[in-house]
Amino acid sequence: MRVVSVAVDHFVWHRAEFAPGAPSLEDHRLSWGYREFVERVDAAAAHLAVTGVRRGATVAIVLPNRLELLVALMAVWRLGAIAAPLDPDGGEPLVEKQIVAADAVVVLDDRPVPDAPHRIAGIPRLAVEVLARPVPVGWVAPPEPTGEDSALVCFGSGAGPDCGEFSHGWLHEVAADTIRCLGLTGSDHCRISLPLARADVIGMNFVAAMVLGSRLSLVSARTPPTRTPPTRVSACSGFATFGAQVP
């Protein structure tokens with residue numbers, strides 16, 4: 001496992017104090033402020049806990065780039081559990097193989113409840129829509145993860161450096177390096193088009209945006225560039241792309 005022993009500050013519940021009108025998270029369907037995002041993360045974490053997800057357990061997340069994927073990632077971390085984000089475009093046979101290899105205790109996907117099986121590769125399945133239900137009465141979040149705790153299990157491209165288990169400290173260092181390399185601030189806008197199924201993509205984009213509390217947009221890889229030139233657009237290892245806050 002890639003472990004870095006540092007203090008981490010990329011957990012969105014640290015951002016609960018954001019006022020209305022603060023930077024938002026958005027995809028092609030939805031737009032949430034950070035406060036709403038925190039509420040959704042807590043609700044999702046509570047429902048995952050009801051299914052038996054505990055600290056150190058692995059949750060497979062089979063979702064395309066949509067805001068619910070970000071909720072699922074952060075909710076798993078809220079419980080001190082490990083997220084295994086899997087690209088649904090990889091095909092069902094490969095995804096099922098990865099679910100088993102990750103030793104997942106539950107699988108999150110976006111197939112409608114009546115139409116989908118209750119288990120995938122023998123693992124209990126939970127529809128992501130369930131995570132949006134209200135927080136159960138009396139639920140209390142457990143202690144948050146440390147830098148040494150595992151955050152992700154990723155399969156990337158076979159046995160490459162993007163494949164394996166990654167700690168929260170490692171993610172935080174990747175985010176910090178990206179912020180430092182590109183000179184980013186909270187006024188920058190992160191636009192993510194690459195699938196969030198690789199640790200480096202997650203660290204350079206999602207985690208960096210969470211550290212900064214910046215605006216974040218999940219966009220289609222086919223989305224044409226904006227007509228308004230951003231004040232800062234750069235790339236770090238070909239993954240992290242930030243620009244000015246444009247409409």
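**Helix packing and strand pairing in the predicted model**

Helices H2 and H5 lie roughly perpendicular to each other, since angles of 65 to 115 degrees fall in that class and theirs is about 75°. The axes of this pair are 13 Å apart. The model is a predicted one, and this crossing makes a good starting point for a walk through it. On the H2 side, the residues that meet H5 are Leu70, Leu73, Met74 and Trp77. Their counterparts in H5 are Ile202, Phe206, Val207 and Met210.

A wider view helps to place these helices. The protein has 247 residues, of which 52% count as buried, and its secondary structure comes to five helices and 12 strands. Of the contacts between residues at least 6 apart in sequence, 73% join residues at least 24 apart. The exposed surface comes to about 11000 Å², with carbon and sulfur atoms supplying 56% of it.

Helix H2 itself deserves a closer look. Spanning residues 67-78, H2 contains 12 residues and reaches 16 Å from its first C-alpha to its last, close to the expected 16 Å. How much of H2 is buried? The count is 12 of the 12 residues, so H2 is largely enclosed by the rest of the structure. The buried set takes in the residues that meet H5, namely Leu70, Leu73, Met74 and Trp77. Glu68 and Arg78 are also among the buried residues of H2. After the helix comes Gly80, which has a positive phi near 75°.

Helix H5 (residues 199-212) has another partner in H4 (residues 168-182), and the two pack at an angle of about 75° with their axes 8 Å apart. H4 and H5 are therefore roughly perpendicular to each other. From H4, the contact involves Trp170, Leu171, His172, Val174, Ala175, Thr178 and Ile179. The H5 residues that they meet include Ala199, Asp200, Gly203, Met204, Ala208, Val211 and Leu212. Ile202 and Val207 of H5 appear in the contact with H4 and also in the contact with H2.

Turning to the strands, S7 (residues 123-127) has four of its five residues buried, so it is largely enclosed by the rest of the structure. Which strands pair with S7? Strand S5 (residues 106-109) runs parallel to S7 and is joined to it by three bridges. In this pairing, Asp109 of S5 stands opposite Ala127 in S7. Strand S6 (residues 119-120) runs antiparallel to S7, with two bridges between them. Here Arg119 has Pro124 in S7 as its bridge partner.

The backbone also offers some details in the loops. Most residues other than glycine have a negative phi. Ala121 departs from this pattern, with a positive phi of about 55° although it is not a glycine. Ala121 sits in the loop between S6 and S7, a hairpin with two residues between the strands. With a relative accessibility of 32%, Ala121 counts as partly exposed. Asp103 likewise has a positive phi, near 60°, in a residue other than glycine. The loop that holds Asp103 runs between helix H3 (92-101) and S5. Is Asp103 buried or exposed? Asp103 is exposed, because its relative accessible area is 59% and the cut-off for that class is over 50%.

Technical notes. Residues numbered from 1 in each chain as written. Predicted model: local features only at pLDDT ≥ 70, side-chain atom pairs only at ≥ 80, totals over all residues. Heavy atoms only, no water. Expected span 1.5 Å × (residues − 1). Buried < 20%, exposed > 50% of the residue type's maximum accessible area, 1.4 Å probe, protein only. Contact = heavy atoms within 4.5 Å. Areas by Shrake-Rupley, 256 points an atom, 1.4 Å probe, with all protein chains shown as cover. Pairing = 2+ DSSP bridges. Axes fitted to C-alpha atoms, helices over the stretch in contact; angles between N-to-C directions. Parallel < 35°, antiparallel > 145°, perpendicular 65-115°, else oblique.
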